Structures are given as C-alpha cells and as structure tokens.
Amino acid sequence: MIGIIGAMDSEVNGIKSVMTDKTVRTVASVEFCSGTLCGKKVVVAEAGVGKVNAAVTAQIMILEYNASAVINTGVAGGLEDSLRIGDIVVADRVAEHDMDTTPFGDEPGFITGLERVYMDCDKKIVDILESSAEEAGMSAMVGLIVSGDQFICRDEQRSRLKEVFGAAAAEMEGAAIGHVCVMNGVPFGVIRAMSDCANDDSISDFPAFEKAAAAKSIEIIKRAVEKMDV
Ligand code: ADE
C-alpha cells in the first residue's frame, strides 16, 4: 500500500477522483481514502496544513494501512533563484527549518533523537518522481525541501532558509512526514510544484496559483505510482 499525503483539498482531490474501489474512513479527524490508483493499492489523505497534521497522518497510514512507502504531494514556495511559479522540485532530502535547539550548541534544524538535520528521501522514489515529471513534460529540480509551521513570504525568512540550509523550496509538511517515516523505517518521497516564490508577492501569488500548481504535482504522482513496485 502506497500512502499519499497532501495538506489541502487541491493537493489530493484530483487523485481521489480517479481512484477505484474506494473505501473512506476517518481516523483522528483525518479522512483516509483507500483504493486503487493506476493498478496500485493506495491510501490518500488530506492531512491539513502544518507539521503536526502531517505527522499524525503519516503515522496512521503506517500503523493502520501498513503503508510501505509514503509520498507527499502539493505546492511550495520556491527559494532557489532559478525557480518560477509552476516549476517542480523533487526532494532528495528534507529538514525541519523551525527545529531550534541552537542554545545547546546544536546546528539549526537538528532533531534530537534522530540526531540529524537532514533526512534522506528514498533514492528509488526520487528517481521515479524525477522521471515521471520529465515524462509529463515538466523538468524537475532535485534538491532540499525544508518544512516549518510558517508561511514564508518575508525577505529575512527567505534568506535564512537559503543561507542556513541551502534549501530549494519551503513548505509546511514534507519534513514532518520524512521524520515519521525515518522513525518507522518506511521509505518516503516529497514532490512539490511552486505556487509562489516565498517572497513579498506570495500573499497574492499563493491563492492565484495554488490550484494549478497542485494539479501539476498530482499529474506527476499518478505517473509515478504506476511505476512503483510496492
Ligand atoms: N506552500 C506554498 N507556498 C509556501 C510558502 N511560501 N511558505 C510555506 N509553505 C508554502
């Protein structure tokens, strides 16, 4: 069973609408839609925005649905200067940019317990997402995606994420899903289409481009699921 998580309805409805043999169940206020997508067993959930919602949803997919891989789909704010609205980033690793135990001498983003800042995405999933993007006519940048419980739209936030972490894109869930997957030994991947460039224009760009960007990520997910051997 492949778990697919999005934060908002625009990030998952286009997947649920093409699934067959659907069963819907609500756990911890999150709706889980299990069934078949492109010949593969999947469970899809709209987790809600932010790291806690994402973590709860990922853990339920692993425990209740025995998910053998989890993919996070949706939109993000582009940080890498070459990224434009609509461009795709596939994460090769993720980090929680708002994790901060620096007063104790830790690096920014250090996760006590996991003892690391950066969590590696599954190489096979990264390759499948990248090639699926290409097949869909969209070239993907592969790089670091950072997550935090903040919408990034100010210069000082944007500069910090680029300078401290070297991040390509910022969103609010992927690293939380990665964190849960690492704790459970489950492979994971994150793909995001840029709804904005995490800058002054983001407040107006995000609502204007979120739906179209989310649809691009879904298009790639559908192709990727077909190729996965889980
Ligand atoms: N998701 C989409 N755009 C974002 C931004 N600018 N900051 C955080 N999450 C986002």
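Which polar backbone atom is 2.9 Å from a nitrogen atom of the ligand? The residue is Ile152, and the views below start from the ligand in this predicted model.

**Figure 1. Polar contacts of the ligand with Gly77, Ile152 and Asp196.** In this close-up, a polar atom in the backbone of Ile152 is placed 2.9 Å from a ligand nitrogen. Gly77 also approaches through its backbone, with an N or O atom 3.3 Å from a nitrogen atom of the ligand. Asp196 uses its side chain instead, and a polar atom there lies 2.6 Å from a nitrogen atom of the ligand. On its own the ligand has 260 Å² of accessible area, and the protein covers 96% of that.

**Figure 2. The shell of 13 residues around the ligand.** The residues that come nearest are Gly77, Ile152, Glu171, Ser195 and Asp196. Sorted by class, the shell contains 8 nonpolar residues, 3 polar residues and 2 charged residues. The ligand takes up the space of the largest pocket.

**Figure 3. Strands that contribute to the ligand shell.** At least two shell residues come from each of strand 5 (69-78), strand 9 (169-171) and strand 10 (188-196). Strand 5 supplies the largest share, with 3 residues.

**Figure 4. Glu171 and its partners Gly174 and Arg192.** Glu171 belongs to strand 9 and is among the residues that come nearest to the ligand. Is Glu171 buried or exposed? With a relative accessible area of 4%, Glu171 falls under the 20% cut-off and is therefore buried. Its side chain takes part in two kinds of pairing shown here. A polar atom of the Glu171 side chain lies 3.0 Å from the backbone nitrogen of Gly174. The side chain of Glu171 also forms a polar contact of 3.1 Å with the side chain of Arg192.

**Figure 5. Lys51 in helix 2 and its contact with Asp98.** Helix 2 covers residues 51-65 and includes Lys51. Why is Lys51 classed as buried? Its relative accessible area is 14%, which is under 20%, so Lys51 counts as buried. The side chain of Lys51 is joined to the side chain of Asp98 by a polar contact of 2.9 Å.

Terms used. Residues numbered from 1 in each chain as written. Predicted model: local features only at pLDDT ≥ 70, side-chain atom pairs only at ≥ 80, totals over all residues. Heavy atoms only, no water. Near = heavy atom within 4 Å. Polar contact = N/O pair within 3.5 Å; in protein donor to acceptor, adjacent residues only side chain to side chain. Areas by Shrake-Rupley, 256 points an atom, 1.4 Å probe, with all protein chains shown as cover. 1 Å grid on protein atoms, 1.4 Å probe; cavity = no way out; pocket = protein on both sides within 12 Å on 5 of 7 lines; lining within 4 Å. Sits in = over half its atoms within 2 Å of the grid points. Helix = DSSP H or I, 4+ residues; strand = E, 2+ residues; numbered from the N terminus. Nonpolar A, V, L, I, M, F, W, Y, C, P; charged D, E, K, R; others polar. Buried < 20%, exposed > 50% of the residue type's maximum accessible area, 1.4 Å probe, protein only.
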